[in-house]
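Student: Please pick one helix of this model and take me through it up close. I'd like to know how its sides differ, and then what lies around it and further along the chain.

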Amino acid sequence: MKNKLQKFYAITDRKKYSSFEDTVKKLLDKGIRMFQIREKDLPTGELYRFTEKFLKLTEGYNVHIFINDRVDIALMFSLDGVHLPENSFDVEVVKSNFPQLIVGKSCHSLECAKKAEENGADYVIFSPIFKVEGKGKPQGIEKLKEVVNLLNIPVYALGGINKNNIEKVLKTGVYGIAGIRTFLD
């Protein structure tokens with residue numbers, strides 16, 4: 001499983017890109033090989049078609065693809081896994097019913113991260129590390145270090161990470177960096 005988890009984890013948000021296809025191509029050209037399809041506003045049929053289009057865009061690149069909160073679509077397309085928001089159902093529900101899926105969990109507290117690990121999460125995304133408009137109080141580097149040191153599963157950092165602070169984040173011992181715009185600079 002761990003060999004499917006990459007250091008850099010791109011999260012899609014088509015609304016933030018001038019051209020979705022060009023952005024995905026740019027990320028692939030930069031070597032990004034792990035993606036989360038996170039188009040929360042799309043109705044089921046449109047999300048299905050979006051996923052189909054995304055798979056065609058990434059064909060031949062040996063990418064690992066996860067989808068946000070949609071086990072059904074992960075199964076339909078044989079994706080690598082599903083990523084659960086903090087307020088979604090428990091990780092163990094997915095792991096016990098679909099053990100072939102890699103399951104990640106978004107966490108905004110140490111308690112959530114510990115519970116996710118106890119429930120069988122394969123990784124957590126801890127956020128926001130730095131200030132991000134509309135995303136609540138930043139966790140900061142020290143809290144990130146605490147989470148990394150207490151968990152035995154990979155921890156990804158997300159939120160406000162850019163070329164000016166990425167080294168500081170990596171020095172915490174995180175498994176990797178997740179981001180929507182992080183890799184576009």
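Tutor: Let's settle one word before we start: a residue is buried when its relative accessible area is under 20%, exposed when over 50%, and partly exposed in between, using a 1.4 Å probe and protein chains only. Helices (H or I, at least four residues) and strands (E, at least two) are DSSP runs, numbered from the N terminus. This is a predicted model, where local features need pLDDT of at least 70, side-chain atom pairs count only at pLDDT 80 or more, and totals for chains, interfaces and linings use all residues. Residues are numbered from 1 along each chain as its sequence is written, and side-chain values use heavy atoms, with hydrogens and water left out.

Helix H5 is a good place to look. In H5, which spans residues 110-118, the buried residues are Leu-110, Cys-112, Ala-113 and Ala-116. They sit on the same side of H5 because they cover an arc of only 165° around the axis, the arc being that of the directions from the helix axis to the C-beta atoms. Swing round to the other side of H5 and you find Glu-111 and Glu-118, which are exposed. So what does the buried side lean on? With contact meaning heavy atoms within 4.5 Å, the buried residues of H5 pack against strand E5 (102-107), strand E6 (123-126) and helix H6 (140-150). After H5 comes Gly-120, with a positive phi near 100°.

Now follow that packing across to H6. There the buried residues are Gly-140, Ile-141, Leu-144, Val-147 and Val-148. Their arc around the axis is only 135°, so they share the same side of H6. The face turned away from that buried side carries Glu-142 and Asn-149, both exposed. The cover over the buried residues of H6 includes H5 and E6, along with strand E7 (155-157) and helix H7 (166-170). In the loop between E6 and H6 you'll come across Pro-128, and the peptide bond joining Ser-127 to Pro-128 is cis, with omega about -15°.

One residue of H6 deserves a second look. Leu-144 and Val-169 are the residues with the most contacts inside the largest nonpolar core, which has 64 residues. By nonpolar core I mean a set of buried Ala, Val, Leu, Ile, Met, Phe, Trp, Tyr and Cys residues joined through side-chain atoms within 4.5 Å. Setting aside residues up to four places away in sequence, Leu-144 touches Phe-126, Ile-129, Val-155, Ala-157, Val-169, Thr-172 and Val-174. In soluble globular proteins, nonpolar side chains tend to be buried together.

Burial here isn't confined to nonpolar residues, though, as Thr-12 and Glu-39 show. Thr-12 is in the loop between strand E1 (8-11) and helix H1 (20-29), and its relative accessible area is 2%, so it counts as buried. Leaving out neighbours within four places in sequence, Thr-12 is in contact with Tyr-17, Phe-20, Gln-36, Ile-37, Arg-38, Glu-39, Phe-50 and Phe-54. From Thr-12 to Ile-37 you count 25 residues in sequence, but C-alpha to C-alpha they are 5.3 Å apart in space. Glu-39, one of those contacts of Thr-12, lies in the loop between strand E2 (34-37) and helix H2 (44-57). Glu-39 is buried because its relative accessible area is 3%. Beyond four places in sequence, Glu-39 touches Thr-12, Asp-13, Arg-14, Leu-47 and Phe-50. Glu-39 and Lys-53, 14 residues apart in sequence, have their C-alpha atoms 13 Å apart.

Asn-68, in strand E3 (residues 64-68), is also buried, at 10% relative accessibility. Again not counting residues up to four places away, Asn-68 touches Gln-36, Ile-37, Arg-38, Lys-40, His-83 and Pro-85.

Two backbone oddities are worth a click on your screen. In the loop between H2 and E3 sits Asn-62, whose phi is positive, near 55°, though the residue isn't glycine. Asn-62 has a relative accessible area of 62%, so it is exposed. In the loop between E3 and helix H3 (71-76) you'll find Asp-69, another residue other than glycine with a positive phi, near 65°. Asp-69 counts as partly exposed because its relative accessibility is 27%.
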